[in-house]
Amino acid sequence: MKYIIAVIQPDRLDEVLQLLEDKEVHLVTVTSVMGRGRQKGIAEVYRSHKEAGSLLKKTKLEIAVNDEFVSVAVDAIMSGGRTGNVGDGKIFVLDLDRCIRIRTGETGHVAIG
Ligand SMILES: Nc1ncnc2c1ncn2[C@@H]1O[C@H](COP(=O)(O)OP(=O)(O)OP(=O)(O)O)[C@@H](O)[C@H]1O
Ligand SMILES: [Mg+2]
């Protein structure tokens, strides 16, 4: 199991979610966040409202998936998120040790999806 964390431009969220759904990836956590990349917020001001401390508004997606869904999920985020401009975002893929559905107590591969 893997835990995918992606930081994308807020205006790409709808497209990314649609592409994920198209690939049967439905379960997702979405959070509004602030962040900065290697331009430290400076070169991107034309795209996003600039906040204090060189931070820009971004959208974070978190998706826990079985191994066979990693590629399609990453591809969907890449396709929907990429404009070619700085600030398009980043994807992190982490190993996931445990997943437990609180309602049923199911674990692992069953609980994840
Ligand atoms: N190494 C990192 N650690 C934590 N968060 C990061 C990291 N890199 C990027 N982010 C998050 O992703 C957001 C978008 O990053 P961004 O796309 O600007 O990365 P970049 O490395 O500057 O690439 P680019 O040159 O394409 O802009 C940042 O505002 C930040 O929230
Ligand atoms: Mg950047």
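Is D95 buried or exposed? Select D95 and have a look: D95 is exposed, with a relative accessible area of 59%, which is over the 50% cut-off for that label. Keep in mind as you click around that this is a predicted model.

**Stop 1: D95 and K2**

Leave D95 selected and add K2. Their side chains form a salt bridge, with N and O 2.3 Å apart. Now colour by secondary structure: D95 belongs to strand β4 (residues 89-95) and K2 to strand β1 (residues 2-8), so this pair ties together parts that are 93 residues apart in sequence. K2 counts as partly exposed, at 23% relative accessibility. As background, side chains of opposite charge can pair when their charged atoms come close.

**Stop 2: E62 and K60**

How many salt bridges does a search of the whole structure find? There are three, so two stops of this kind remain after D95 and K2. Select E62 and K60 next. The closest N and O atoms of this salt bridge are 3.7 Å apart. E62 is buried, with a relative accessible area of 17%, under the 20% cut-off. K60, at 25% relative accessibility, counts as partly exposed.

**Stop 3: R101 and E106**

Move on to R101 and E106, whose side chains meet in a salt bridge with an N to O distance of 2.8 Å. R101 is partly exposed at 24% relative accessibility, and E106 is partly exposed too, with a relative accessible area of 28%.

**Stop 4: ligand 1**

Now select ligand 1 and switch on the pocket display. Where does ligand 1 sit? You will find ligand 1 in the largest pocket. Show the residues around ligand 1: there are 14 of them, and R38, Q39, G87, G89 and K90 come nearest. Which strand gives the largest share of this shell? That is β4, with three residues. You have met β4 already, as the strand that holds D95.

**Stop 5: oxygen atoms of ligand 1**

Zoom in on the oxygen atoms of ligand 1 and turn on distance labels. Here is what to look for:

- R36: a polar backbone atom lies 3.0 Å from an oxygen atom of ligand 1.
- R38: a polar backbone atom lies 2.8 Å from an oxygen atom of ligand 1.
- K90: an N or O atom in the side chain lies 2.8 Å from an oxygen atom of ligand 1.

To finish, show the surface of ligand 1. Taken alone, ligand 1 exposes 600 Å², and the protein buries 71% of that.

Notes: Residues are numbered from 1 along each chain as its sequence is written. Chains are lettered from A and ligands numbered from 1 in the order in which they are written. This is a predicted model: local features need pLDDT of at least 70, side-chain atom pairs count only at pLDDT 80 or more; totals for chains, interfaces and linings use all residues. Side-chain values use heavy atoms; hydrogens and water are left out. A salt bridge is a side-chain nitrogen of Lys or Arg within 4 Å of a carboxyl oxygen of Asp or Glu. Helices (H or I, at least four residues) and strands (E, at least two) are DSSP runs, numbered from the N terminus. Buried means under 20% relative accessible area, exposed over 50%, partly exposed in between (1.4 Å probe, protein chains only). A residue is near a molecule or strand if one of its heavy atoms lies within 4 Å of it. A polar contact is a pair of N or O atoms within 3.5 Å; within protein, one must be able to donate a hydrogen and the other to accept it, and residues adjacent in sequence count only if both atoms are side-chain atoms. Accessible areas come from the Shrake-Rupley method with a 1.4 Å probe; for residues, only the protein chains shown count as cover. On a 1 Å grid over the protein atoms alone, a cavity is a set of points where a 1.4 Å probe fits but cannot get out, and a pocket is an open set with protein on both sides within 12 Å along at least five of seven lines; lining residues have an atom within 4 Å of a point. A molecule sits in a cavity or pocket if more than half of its atoms lie within 2 Å of its grid points.
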